[in-house]
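Subject: Model handover

Hello,

Please find the structure below. My notes on the contacts follow it.

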There are 2 protein chains.
Amino acid sequence: MLFKAGDPFHAIYAIRSGCMKSVVTRKGGAEQVSGFYMVGELLGLDGMGRGRYDCSAIALEDTVVCVLPFPLLEQLAHERPSFQHRLYAVLSREISRNHNVMLLLGTMRAEERLAAFLLSLSSRFARRDHSPFEFALRMTREDIGSYLGLTLETISRLFGRFRNAGLLEIDQRKVRIRDHAGLKALLSEGGAPAD
Amino acid sequence: MLFKAGDPFHAIYAIRSGCMKSVVTRKGGAEQVSGFYMVGELLGLDGMGRGRYDCSAIALEDTVVCVLPFPLLEQLAHERPSFQHRLYAVLSREISRNHNVMLLLGTMRAEERLAAFLLSLSSRFARRDHSPFEFALRMTREDIGSYLGLTLETISRLFGRFRNAGLLEIDQRKVRIRDHAGLKALLSEGGAPAD
DNA sequence: CGAGATATTGACTAGGCTCAATTGAAGTGG
DNA sequence: CCACTTCAATTGAGCCTAGTCAATATCTCG
């Protein structure tokens, strides 16, 4: 665990290698995975508002992070307007990303959610010179379910269904996407027909 | 409509009077209300990442906003570090707020969602010297449902159930909270018992 | 090899959605 | 002023998706 919800905020973290998840906890004990982070992505952006992190960051494998002390970032931002601009953009993107998750949780059915999740992973791996069609999940079914607002059983069943439909191969955590277009098709269905 | 998803971003907006909603649209047509904004709150924070708004802002009644051109904000931030700090905090808070919505959409059942929504409204009105127990909703059942990831029928039924349980009175859009503690109790249930 | 996670699969249940009809409120024009 | 339209809200019946509970299988690691 890199930091815990409630810890005082003084830095954001950039992942140099490995993979992490962030978890928000509700008074009452219910938890939800609020994001998965891979190489090059930033954790802890939620902390600067209240001066405390409101989620916990947990490594999913051996992970190396780069500590970016917030006072230093603010100083750099002050000195270089272009850096200031970048930093605002990074925060704003996180908001956009959250909107997508809200859309997923609020409007999609289980199949669509998992398809969207896999496609998102796929494109993120692609941007990092990994194969977009073959990669290893670093998280458990339970983590995926929590992130997508589903149960681990549902995730497991969906993987089975996707395999039977010839959309992908899955062996434990190794995923191989066989029909990228087919996954995409699952997304648009239910909305307006593509015209 | 103040701005539309895809419009080029050049300003954020502060509400001076009235009430607005923001709506994200999915390729495929599905829409979701991503937030309700009242006096003093900021809209359009999601736009600075990509240079385009990714949601639309729609007034729910006659509304006056204050236009805050982003270049101006950046300049002010550069000149006054304390202002820069505030601006980062505002963005970060929006991320925290989104985490709460994700938690709501991902882990709560219908009753809990509506209770959480009403309590949130209540405390926001309180902070603005309105009564926290008596206020008028500015949005339709459909808007509420969309925001909470439920259908308008479910919202309507829940209002009925809450009324029968003596938790509140509701006449069209006028709400009167009769049992604040009772609403809160709906939230913690389902999680771990308070100990 | 054994213990404890993690995954898979089945049977059953229930919460919330869909479809549909009705009522109510607010606005429009003759 | 009142029919007429339109939009919003309520209510009911039935269904379906995903959750729950439970049993088993498989992995990982000490």
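Helices (H or I, at least four residues) and strands (E, at least two) are DSSP runs, numbered from the N terminus. With that numbering, α5 of chain A and α5 of chain B each supply at least two residues of the surface near DNA strand C. Note that this is a predicted model.

DNA strand C

There are 15 residues around DNA strand C, and the closest are A:Arg141, A:Ser156, A:Arg173, B:Ala110 and B:Thr154. Of the strand C atoms that come within 4 Å of the protein, sugar and phosphate account for 61%. α5(A) is the element that gives the most to this surface, with 4 residues. By class, the surface near DNA strand C divides into 3 nonpolar, 5 polar and 7 charged residues.

Three of the polar approaches to strand C are as follows.
- A:Arg141 has a polar side-chain atom 2.8 Å from a phosphate oxygen of DNA strand C.
- A:Ser156 has a side-chain N or O atom 2.8 Å from a phosphate oxygen of DNA strand C.
- B:Glu153 has a side-chain N or O atom 3.1 Å from a base nitrogen of DNA strand C.

DNA strand D

DNA strand D is surrounded by 17 residues, with A:Ala110, A:Thr154, B:Arg141, B:Ser156 and B:Arg157 the closest. Sugar or phosphate makes up 63% of the strand D atoms within 4 Å of the protein, and bases make up the rest. α5 (152-164) of chain A and α5 (152-164) of chain B each supply at least two residues of the surface near DNA strand D. The most comes from α5(B), with 4 residues. The residues of this surface divide into 3 nonpolar, 7 polar and 7 charged.

For strand D, the polar approaches include these.
- A:Thr154 places a polar side-chain atom 2.4 Å from a phosphate oxygen of DNA strand D.
- B:Arg173 places a polar side-chain atom 3.1 Å from a phosphate oxygen of DNA strand D.
- A:Arg157 has a side-chain N or O atom 3.0 Å from a base oxygen of DNA strand D.

Chain A with chain B

The contact between the two chains takes 47 residues from chain A and 46 residues from chain B. The area buried between them is about 4300 Å², and carbon and sulfur atoms give 58% of it. In chain B, the residues that lose the most area to chain A are B:Arg26, B:Tyr88 and B:Met102, together 18% of what that side buries.

Between chain B and chain A, 23 residue pairs are in polar contact (both at pLDDT 80 or more). On the chain B side, β2 (19-25), β3 (31-38), α1 (70-79) and α2 (81-107) each supply at least two residues. Among the elements on that side, α2(B) gives the most, with 20 residues. The side of chain B that touches chain A has 20 nonpolar, 17 polar and 9 charged residues.

The rule finds 2 salt bridges across the interface of chain B and chain A. A:Arg26 forms a salt bridge with B:Glu112, where the closest N and O atoms are 3.7 Å apart.

Domains of chain A

The domain assignment splits chain A into domain 1 (11-105) and domain 2 (109-188). Domain 1 gives 18 residues to the contact and domain 2 gives 14 residues. Taken over C-alpha atoms, the centres of the two domains of chain A are separated by 23 Å.

The area buried between domain 1 and domain 2 of chain A is about 1400 Å², with 58% from carbon and sulfur atoms. On the domain 1 side, A:Phe36, A:Met38 and A:Leu104 lose the most area to domain 2, together 44% of what that side buries.

Across the interface of these two domains the rule finds 4 salt bridges. A:Arg128 forms a salt bridge with A:Glu41, the closest N and O atoms lying 3.4 Å apart. The count of residue pairs in polar contact between the domains is 9 (both at pLDDT 80 or more). β2 (19-25), β3 (31-38) and α2 (81-107) of chain A are the elements that give two or more residues to the domain 1 side. Of these, β3(A) gives the most, with 8 residues. That side of domain 1 has 10 nonpolar, 3 polar and 5 charged residues.

Regards

How values were computed. Residues are numbered from 1 along each chain as its sequence is written. Chains are lettered from A and ligands numbered from 1 in the order in which they are written. This is a predicted model: local features need pLDDT of at least 70, side-chain atom pairs count only at pLDDT 80 or more; totals for chains, interfaces and linings use all residues. Side-chain values use heavy atoms; hydrogens and water are left out. Domain bounds come from an automatic or database domain assignment. Contact means heavy atoms within 4.5 Å. Buried area is the accessible area (1.4 Å probe) that two parts lose on being put together, summed over both. A salt bridge is a side-chain nitrogen of Lys or Arg within 4 Å of a carboxyl oxygen of Asp or Glu. A polar contact is a pair of N or O atoms within 3.5 Å; within protein, one must be able to donate a hydrogen and the other to accept it, and residues adjacent in sequence count only if both atoms are side-chain atoms. Ala, Val, Leu, Ile, Met, Phe, Trp, Tyr, Cys and Pro count as nonpolar, Asp, Glu, Lys and Arg as charged, and the others, Gly among them, as polar. A residue is near a molecule or strand if one of its heavy atoms lies within 4 Å of it.
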